[in-house]
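Biologist: Could you walk me through how to read a model like this? I'd like to go feature by feature.

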Amino acid sequence: MGPRKRGARKRKRSQDALVEEDSQNTERKADEEEGDGRRKKKKYIGAHVGIQGGVWKAVESCLQMGGTSFALFLGSQRSWKRPALDPSAAEKFRVQCSSHGFDPAHIVPHGSYLMNCGSPKEDVFAKSQELLVDELGRCHMLGLRLYNFHPGSSLGTITTEQCVEKIAGAINHAHQQIPDVVTVLENMSGQGSTVGGKFSELRGIIDRVRDQSRVGVCLDTCHAFSAGYDLAAEGGVKAMLDQFDQEVGRHYLKAVHLNDSKGQLGCHLDRHEDVGKGNIGISAFRDIVNEPRLDNIPLILETPGRPGFEYAEQIELLHSLCEEK
Ligand SMILES: [Zn+2]
Ligand SMILES: [Zn+2]
């Protein structure tokens with residue numbers, strides 16, 4: 001996912017370099033004040049941002065779109081082996097985060113799509129296990145506490161139970177190598193033989209993790225809907241969270257991915273849509289941003305962000321739906 005263009009306010013730029021610099025400073029200040037105001041509402045809404053040009057650029061991108069939380073990849077999505085993270089880049093990232101008031105609890109790196117920690121193929125499992133350790137190590141260097149990834153897939157050749165065992169094994173192994181970072185399992189749409197479409201499967205993985213203070217869940221609204229959790233129904237958000245509390249446990253919820261869905265309820269397709277433009281619909285998102293159980297939890301967009309309705313506009317819309325308490 002590439003970096004998003006700046007919001008409407010930022011497009012009105014002067015050609016003159018000096019004025020430009022001045023207006024950038026004013027904009028930055030306005031962004032920060034906006035961020036402070038938004039933090040007071042306890043709703044930490046942001047988006048997945050790019051890291052082109054350096055990992056620290058993610059912070060600036062988030063500020064520009066008025067976000068108070070963000071997700072990022074930790075390296076190329078195409079390669080299993082990546083150059084080590086430069087300690088000075090990591091330092092720059094940490095300084096940027098703290099100087100702009102970002103709490104590590106609101107930054108949720110997304111794991112590589114190449115990984116399948118539940119793979120029945122030994123070579124893929126071994127490479128995935130190694131990449132998981134590498135990515136947790138990067139989080140640690142960046143001063144981050146959360147790391148979100150897709151649990152894995154049985155490829156239809158082993159049972160769900162065996163797949164769950166493997167995933168938990170990879171997590172336990174990574175926890176032994178790298179301290180502190182919490183591995184956050186993302187719920188899936190239940191496409192093919194992926195594990196994690198049902199809350200009970202996520203609970204199954206958690207049950208097998210030795211240090212349960214280091215495991216959590218990221219709820220993706222599009223995935224939940226396409227897996228069959230009816231967020232579009234009246235009271236659907238509350239019902240889903242009640243079920244989550246019962247089957248997984250509220251304190252495991254570490255993040256939410258805010259995505260509408262192109263697909264229908266229970267279609268098992270992972271097709272993200274812009275907020276309010278899909279089959280989940282805007283009223284579910286209103287319920288989400290007004291749900292006290294989601295206070296202080298990062299709410300992160302991974303939507304297409306079409307021209308005119310990019311991340312900045314979607315974040316603004318979501319804040320406009322927050323009712324005053
Ligand atoms: Zn994901
Ligand atoms: Zn997601």
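Modeller: Sure. Let's start with a single residue: N296 is exposed, because just 12 other C-beta atoms lie within 10 Å of its own, and 12 or fewer is the cut-off for that label. Keep in mind that this is a predicted model.

Biologist: Where does N296 sit, and what is its phi?

Modeller: N296 is in the loop between α10 and β11. Its phi is positive, about 65 degrees, although N296 is not a glycine.

Biologist: Which other residue should I look at for a positive phi without being a glycine?

Modeller: Try H268, with a phi of about 65 degrees. H268 belongs to the loop between β9 (260–261) and β10 (272–273). This one is partly exposed, because 17 other C-beta atoms lie within 10 Å.

Biologist: And R210: buried or exposed?

Modeller: Exposed, because R210 has 11 other C-beta atoms within 10 Å. You'll find R210 in the loop between α7 (199–208) and β7 (215–220). From R210 to D287 it is 77 residues in sequence and 35 Å in space, C-alpha to C-alpha.

Biologist: Let's move on to the sheet. In what order do the strands come?

Modeller: For any sheet, trace the order of the strands and then look at its ends. Here 7 strands make an open sheet, ordered β2-β1-β11-β8-β7-β5-β3, with parallel pairing. The edges are β2 (70–71) and β3 (146–149); each has a single partner strand, so one side of each lacks a neighbour in the sheet.

Biologist: How many bridges tie β11 to β1 and to β8?

Modeller: Strand β1 (residues 44–48) is joined to β11 by 4 bridges, and strand β8 (residues 253–258) by 3. Both pairs run parallel. To see the register, find A47, whose bridge partner in β11 is L301, and H257, which stands opposite I300 in β11.

Biologist: What about the two faces of β11?

Modeller: For a strand, check the side chains on each side in turn. Strand β11 (residues 298–301) is covered on both faces: P298 and I300 are buried on one side, L299 and L301 on the other.

Biologist: Which residues touch the most other members of the largest nonpolar core?

Modeller: That core has 80 residues, and the ones touching the most other members are F70, I167, V184, V256, L299 and I300. Helix α6 (residues 160–177) supplies the largest share of this core, 7 residues. For a closer look, take I300: leaving aside neighbours within four places in sequence, its contacts include G46, A47 and H48, S69, F70 and A71, and also V108, V256 and H257.

Biologist: Now helices. Which one lies across β1 and β11?

Modeller: Helix α11 (residues 311–321) does, running at about 160 degrees to β1.

Biologist: How do α9 and α10 cross?

Modeller: With a helix pair, read the distance and angle of the axes, then look at the residues that meet. The axes of helix α9 (residues 236–247) and helix α10 (residues 282–289) come within 8 Å and cross at roughly 55 degrees. The two helices are therefore oblique to each other. At the contact, G236, V237 and K238 of α9 meet A284, D287 and I288 of α10. Those residues divide into 3 nonpolar, 1 polar and 2 charged.

Biologist: So D287 turns up again, this time in the contact of α10 with α9.

Modeller: Yes, the D287 that is 35 Å from R210, C-alpha to C-alpha.

Conventions
Residues are numbered from 1 along each chain as its sequence is written. Chains are lettered from A and ligands numbered from 1 in the order in which they are written. This is a predicted model: local features need pLDDT of at least 70, side-chain atom pairs count only at pLDDT 80 or more; totals for chains, interfaces and linings use all residues. Axes are lines fitted to C-alpha atoms, for helices over the stretch in contact, and angles run from 0 to 180 degrees between N-to-C directions. Angles under 35 degrees count as roughly parallel, over 145 as roughly antiparallel, 65 to 115 as roughly perpendicular and the rest as oblique. Two residues are in contact if their C-beta atoms, placed from the backbone, lie within 7 Å. Ala, Val, Leu, Ile, Met, Phe, Trp, Tyr, Cys and Pro count as nonpolar, Asp, Glu, Lys and Arg as charged, and the others, Gly among them, as polar. A residue is buried if 20 or more other C-beta atoms lie within 10 Å of its own, exposed if 12 or fewer, and partly exposed in between; C-beta atoms are placed from the backbone. Two strands pair if DSSP finds at least two bridges between them. A nonpolar core is a set of buried Ala, Val, Leu, Ile, Met, Phe, Trp, Tyr and Cys residues joined through C-beta atoms within 7 Å.
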